[in-house]
Amino acid sequence: MSTEEETPKETPAAEEPAKVEEPVKAEEPAKEEEESTATFEPVVKLEEVEVKSGEEDEEVLVSLRSKLFVFGETLLDVGTGKKTWRERGIGEARILRHREHQRLRFLMRQEKTMKVIANHAVDPRIKLEANAGSDRSWVWSAFDFAGGELVETVFALRFADSDIANDFNTKFTECQKEMEALLAGEDKEDEDGGAAVDEAAEALGSLKTKEEDEEKEKDSES
């Protein structure tokens, strides 16, 4: 028996199997989303309703974009007597003339919501006064009907620049003169109308008297 230690024989390492490369798959084109062609009918069909603004019989004489303010008590200050300027809305400040009776009014709606924020007659007694410290805004007082009832309100209207503000002042004054002439004409028509009725009544009375006289003459002859 050999005294030399038997060295273990190295076993050859197992050969790893060769990796088989998988073929690269071609990218498939993205599928286009198909549009749905399904139609759904409403359970309840609503009929179209014509909404009237109340301006169908009026023509626009003036329309200028501006911001409207009112002077008065806020909801938190009601009864305290504390009044401040507060913004009421932005929109087109318009003057409208009615096609039938020709009367003029100032109307302004809040843009987007179309809520009425000012609505009053173009009263000849209204005086536009320049707002202190600004050459592009006017202040006046009128009986406003925007809320459904007449309320004396102090307005302030501010424009983009002084030129537009002056243009509004000129046109508003012209419309006031037109309204004053219209109201004076209506008063005159009322007066003339009353006189005409009296004249017609007198003529009718004289006619009846004449007929009665003719009948009396016939009776006397017979």
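Leaving aside its neighbours within four places in sequence, which residues is Arg 97 in contact with? The list runs Asp 57, Glu 58, Glu 59, Leu 61, Gln 102, Arg 103, Leu 104 and Glu 178. Keep in mind that what you're looking at is a predicted model. Arg 97 is found in strand S2, and its relative accessible area is 17%, so it counts as buried, the cut-off being under 20%. Among the contacts, Glu 178 deserves a second look: its side chain and that of Arg 97 make a polar contact at 2.9 Å.

Before going further, a word on how far to trust the model. The average pLDDT for the protein is 79, and 67% of the residues score at least 70. Over residues 203-212, though, the pLDDT drops below 50, and that stretch has zero contacts in the model beyond near neighbours in sequence.

Now let's zoom out to the sheet. Seven strands make up an open sheet with antiparallel pairing, and reading across it you get S4-S3-S2-S1-S7-S6-S5. At the edges sit S4 and strand S5 (129-130), each of which pairs on one side only. As a reminder, strands of a sheet pair through backbone hydrogen bonds, either parallel or antiparallel.

Start the walk at strand S1 (residues 58-72), which pairs with S2 in the antiparallel sense over 14 bridges. If you want a landmark in that pairing, take Lys 67, whose bridge partner in S2 is Ile 90. From S2 (residues 84-98) the next step is S3, again antiparallel, with five bridges joining the two. Here Leu 96 is a handy marker, with Arg 105 of S3 as its bridge partner. S2 and S3 form a hairpin with five residues between the strands, and in that hairpin Gln 102 takes a positive phi near 65°. Gln 102 has already turned up above, as one of the residues in contact with Arg 97.

Strand S3 (residues 104-109) is worth a pause. Six of its six residues are buried, and this holds on both faces: Leu 104, Phe 106 and Met 108 are on one side, while Arg 105, Leu 107 and Arg 109 are on the other. Leu 104 also belongs to the contact list of Arg 97.

On the other side of S3 comes strand S4 (residues 116-121), which pairs with S3 in the antiparallel sense over five bridges. Arg 105 is useful again here, standing opposite Ala 121 in S4. So what joins the two strands? S3 and S4 form a hairpin with six residues between them, and a couple of backbone angles in this loop may catch your eye. Lys 112, placed in the loop between S3 and S4, has a positive phi of about 75° although it is not a glycine. Lys 112 has a relative accessible area of 80%, so it counts as exposed, the cut-off being over 50%. Met 114 lies in the loop between S3 and S4 too, and its phi is near 60°, a positive value in a residue other than glycine. With a relative accessible area of 47%, Met 114 is partly exposed.

Head next for strand S6 (residues 137-144), where you'll find Val 139. Is Val 139 buried or exposed? At 16% relative accessibility, Val 139 counts as buried. Not counting residues up to four places away in sequence, Val 139 touches Trp 85, Lys 127, Leu 128, Glu 129, Asn 131, Val 154, Phe 155 and Ala 156. Take Lys 127 from that list: Lys 127 and Val 139 are 12 residues apart in sequence, and their C-alpha atoms are 8.3 Å apart in space.

Last stop, the largest pocket. About 430 Å³ of space lies in it. The lining has 19 residues, and Arg 86, Arg 88, Asp 144, Gly 147 and Thr 153 lie nearest the centre. Several strands from the walk come back here: S1, S2, S4 and strand S7 (151-158) each supply at least two residues of the lining. Which strand gives the largest share of the lining? That would be S7, with four residues.

Conventions
Residues numbered from 1 in each chain as written. Heavy atoms only, no water. Buried < 20%, exposed > 50% of the residue type's maximum accessible area, 1.4 Å probe, protein only. Pairing = 2+ DSSP bridges. pLDDT = per-residue confidence, 0-100. Contact = heavy atoms within 4.5 Å. Polar contact = N/O pair within 3.5 Å; in protein donor to acceptor, adjacent residues only side chain to side chain. 1 Å grid on protein atoms, 1.4 Å probe; cavity = no way out; pocket = protein on both sides within 12 Å on 5 of 7 lines; lining within 4 Å. Points joined across faces, edges and corners; volume = space filled by probe spheres on them.
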